[in-house]
Amino acid sequence: TMGDEGGRDFELATLWIQIGMIHYSNKHYQKANNLCNDALRLTQKVSAMSVDKDYGIYHPCVLLLRHFIGILRCRQGRYEQSLSFLDDVIARRLELSKSSGYTSKERNEQINNDMNNARLLLDLGYVHLKSGDPSNGILKAKLCCETAQGMLACYRVPKEHMLVRFCDWLSSRL
């Protein structure tokens, strides 16, 4: 069925993204970009085959992919595209967070979603900083950083945590 095949395709795309992230962290940017493009084509194929035109737009694989594309575009110096992808992922994640309930499983998903949002905001702040926009770049980066700091403070994330350290590093450059 479409659901089974779509689920398998999303799992495969997620695996490609994760391998791409490993290549990226090893500075093999072209390999990372190629895997990212393969994952993008696969997720687009799954969405195109579905009757529901919004199928998969909130799927964790699609959100991860769009986040990673945003990071890759920043690396390529394509800041407008990077900002567009990261803004889109934040909007989708915020939409998801509004619709969550109160069971412990949903609460854990909400915390995880908020941590992802904080990470996204920090990535977005970094892209704003790197974009070199003299009038708004620093201001937008500062806003992203302060919002992420607030989200992390809500959950009392320890200062040793990678996100808190990234936040401190970014704010020291603003």
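In this predicted model, the largest nonpolar core comprises 24 residues, and those with the most contacts inside it are Ala118, Leu121, Leu122, Leu124, Leu152 and Leu163. Five helices each supply at least two residues of this core: helix H3 (60-75), helix H4 (79-98), H5, helix H6 (137-154) and helix H7 (162-172). The most generous contributor is H5, which gives seven residues. In soluble globular proteins, nonpolar side chains tend to be buried together.

Ala118 offers a good place to start looking around this core. With neighbours within four places in sequence set aside, Ala118 is in contact with Ala148, Met151, Leu152 and Leu163. Two of these partners, Leu152 and Leu163, are listed with Ala118 among the residues with the most contacts inside the core. Another core lies apart from the largest one. This second core has 15 residues, including Ala13, Ile17, Val62 and Phe68.

A charged residue on H5 also deserves a visit. Asp123 lies in helix H5, which spans residues 104-131. With a relative accessibility of 7%, Asp123 falls under the 20% cut-off and therefore counts as buried. Once residues up to four places away in sequence are left out, the residues that Asp123 touches are His67, Ile71, Leu86 and Phe166.

Stepping back to the whole fold, the protein chain contains seven helices and zero strands. Read from the N terminus, its elements follow the order α-α-α-α-α-α-α. The radius of gyration of the protein chain is 17 Å, close to the 16 Å given by the globule rule for 174 residues, so the chain is as compact as a globular protein of that length. Along the principal axes, the C-alpha atoms of the protein chain fill a box of roughly 50 × 40 × 30 Å.

Contacts and burial round out this picture. Among contacts in the protein chain with a separation of 6 or more, 69% are between residues 24 or more positions apart. Of the 174 residues in the protein chain, 37% are buried.

Turning to the surface and the charges, the protein chain exposes about 10,100 Å², and carbon and sulfur atoms supply 55% of this area. The protein chain carries 23 positive and 19 negative side chains. The centres of these two sets lie 7 Å apart.

Technical notes:
Residues are numbered from 1 along each chain as its sequence is written. This is a predicted model: local features need pLDDT of at least 70, side-chain atom pairs count only at pLDDT 80 or more; totals for chains, interfaces and linings use all residues. Side-chain values use heavy atoms; hydrogens and water are left out. Helices (H or I, at least four residues) and strands (E, at least two) are DSSP runs, numbered from the N terminus. The radius of gyration is taken over C-alpha atoms; the globule rule is 2.2 Å times the number of residues to the power 0.38. Buried means under 20% relative accessible area, exposed over 50%, partly exposed in between (1.4 Å probe, protein chains only). Contact means heavy atoms within 4.5 Å. Accessible areas come from the Shrake-Rupley method with a 1.4 Å probe; for residues, only the protein chains shown count as cover. Lys and Arg count as positive and Asp and Glu as negative; His and the chain ends are not counted. The place of a charge is taken as NZ of Lys, CZ of Arg, CG of Asp or CD of Glu. A nonpolar core is a set of buried Ala, Val, Leu, Ile, Met, Phe, Trp, Tyr and Cys residues joined through side-chain atoms within 4.5 Å.
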